[in-house]
Amino acid sequence: YMGSLSIEERIFAGNKFRYAKQSAELLQKIASSDTASNRNEIACGIINTYYDLLKVKENQKIVAQNVNDIQQQLDETRKFEQQGLATENDVLRWQLQLSNAELTGIELENNRKIIKYNMTIMLGLSDSITLVPDSTIDTGVQWASADDYISQALSNRKDLEAYAHQLQLSDV
């Protein structure tokens, strides 16, 4: 019987293993930066949706006041029409404005429902929950300068950190 056994191991592979280890570490850093960036995007989306909810609520107040004002004007114009001081055309104009204002109110209510639905999905809440935005502002907050906020924002940008790691990865 004759047998042979051969084992071959490279002594130097051009730092292949070292570069593979460095690239794996950089890929891990990129993934963690992307995860943090996605969390920030979700938080921004929730904040923007909450702000939209506040805007719709304030617009509904304005439209309700407009409807009341137009209704008063319509009532006065009808009285003037009975006395012969206004025409039926004037009454119809006010009725048209009232219908338009009511239609705007309906559109705002539909928008509020859509925003509420989106907000409950983002927060993982039940549809039966009523969301009421709080528009009070805490006046005890100390505001920093705009440059401080800009430098803080640039240092906390996880997507920029991920791009820097990708550049390092391409160099490796």
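## A walk along the helices

Start by clicking on Ser151, which is partly exposed, with a relative accessible area of 41%. Keep in mind as you go that this is a predicted model. Ser151 sits in helix α3, residues 146–155. Now add Ile115 to the selection and draw a line between the two C-alpha atoms: they are 32 Å apart in space and 36 residues apart in sequence.

**Stop 1: helix α2**

Ile115 is one of the buried residues of α2, so stay there and select residues 88–123, the whole of that helix. How far does α2 reach from its first C-alpha to its last? The answer is 52 Å over 36 residues, close to the 52 Å expected at 1.5 Å a residue.

Next, show side chains for the buried set: Val91, Leu98, Ala101, Leu108, Ile115, Lys116, Met119 and Thr120. Note that a lysine, Lys116, is on that list. What covers these buried residues includes α1, and we'll get to that helix shortly.

While you're on α2, pick Glu107, which also belongs to this helix. Glu107 is partly exposed, and its relative accessible area is 44%. Stretch a distance line from Glu107 to Leu5 and you'll cover 82 Å, C-alpha to C-alpha, for a pair 102 residues apart in sequence. Then step just past the end of α2 to Gly124, where phi is positive, at about 75 degrees.

**Stop 2: helix α1**

Select residues 16–83 for α1. This helix has 68 residues and spans 98 Å from first C-alpha to last, close to the 100 Å expected at 1.5 Å a residue. Just after α1 comes Gly84, with another phi to check: this one is positive too, at about 85 degrees.

Now zoom in on Thr77, a residue of α1. Is Thr77 buried or exposed? Thr77 counts as buried because its relative accessibility is 7%, below the 20% cut-off. To see its surroundings, select Ala86, Asp90, Val91 and Trp94; Thr77 touches these four, leaving aside residues up to four places away in sequence. Val91 is a familiar name here, being among the buried residues of α2.

**Stop 3: α1 against α2**

Show both helices together. Their axes are 8 Å apart and the packing angle is about 160 degrees, so α1 and α2 are roughly antiparallel to each other. Look at the handedness as well: the crossing is left-handed. Colour the contact of α1 with α2 by residue class and you should get 17 nonpolar, 12 polar and eight charged residues.

**Stop 4: α1 against α4**

Hide α2 and bring up α4, residues 158–171. The axes of α1 and α4 come within 8 Å and cross at roughly 165 degrees, which means that α1 is roughly antiparallel to α4. Here, too, α1 passes its partner in a left-handed crossing.

Which residues make the contact? On the α1 side, select Ser23, Leu26, Leu27, Lys29, Ile30, Ser33, Asp34, Ala36, Ser37 and Asn40. On the α4 side, add Lys158, Asp159, Glu161, Ala162, His165, Gln166, Gln168 and Leu169. Colour this contact by class too: it has six nonpolar, seven polar and five charged residues.

Note on methods:
Residues are numbered from 1 along each chain as its sequence is written. This is a predicted model: local features need pLDDT of at least 70, side-chain atom pairs count only at pLDDT 80 or more; totals for chains, interfaces and linings use all residues. Side-chain values use heavy atoms; hydrogens and water are left out. Axes are lines fitted to C-alpha atoms, for helices over the stretch in contact, and angles run from 0 to 180 degrees between N-to-C directions. Helices (H or I, at least four residues) and strands (E, at least two) are DSSP runs, numbered from the N terminus. Angles under 35 degrees count as roughly parallel, over 145 as roughly antiparallel, 65 to 115 as roughly perpendicular and the rest as oblique. A crossing is left-handed if the near helix is turned anticlockwise from the far one by less than a right angle, and right-handed if clockwise. Contact means heavy atoms within 4.5 Å. Ala, Val, Leu, Ile, Met, Phe, Trp, Tyr, Cys and Pro count as nonpolar, Asp, Glu, Lys and Arg as charged, and the others, Gly among them, as polar. The expected span of a helix is 1.5 Å times one less than its number of residues. Buried means under 20% relative accessible area, exposed over 50%, partly exposed in between (1.4 Å probe, protein chains only).
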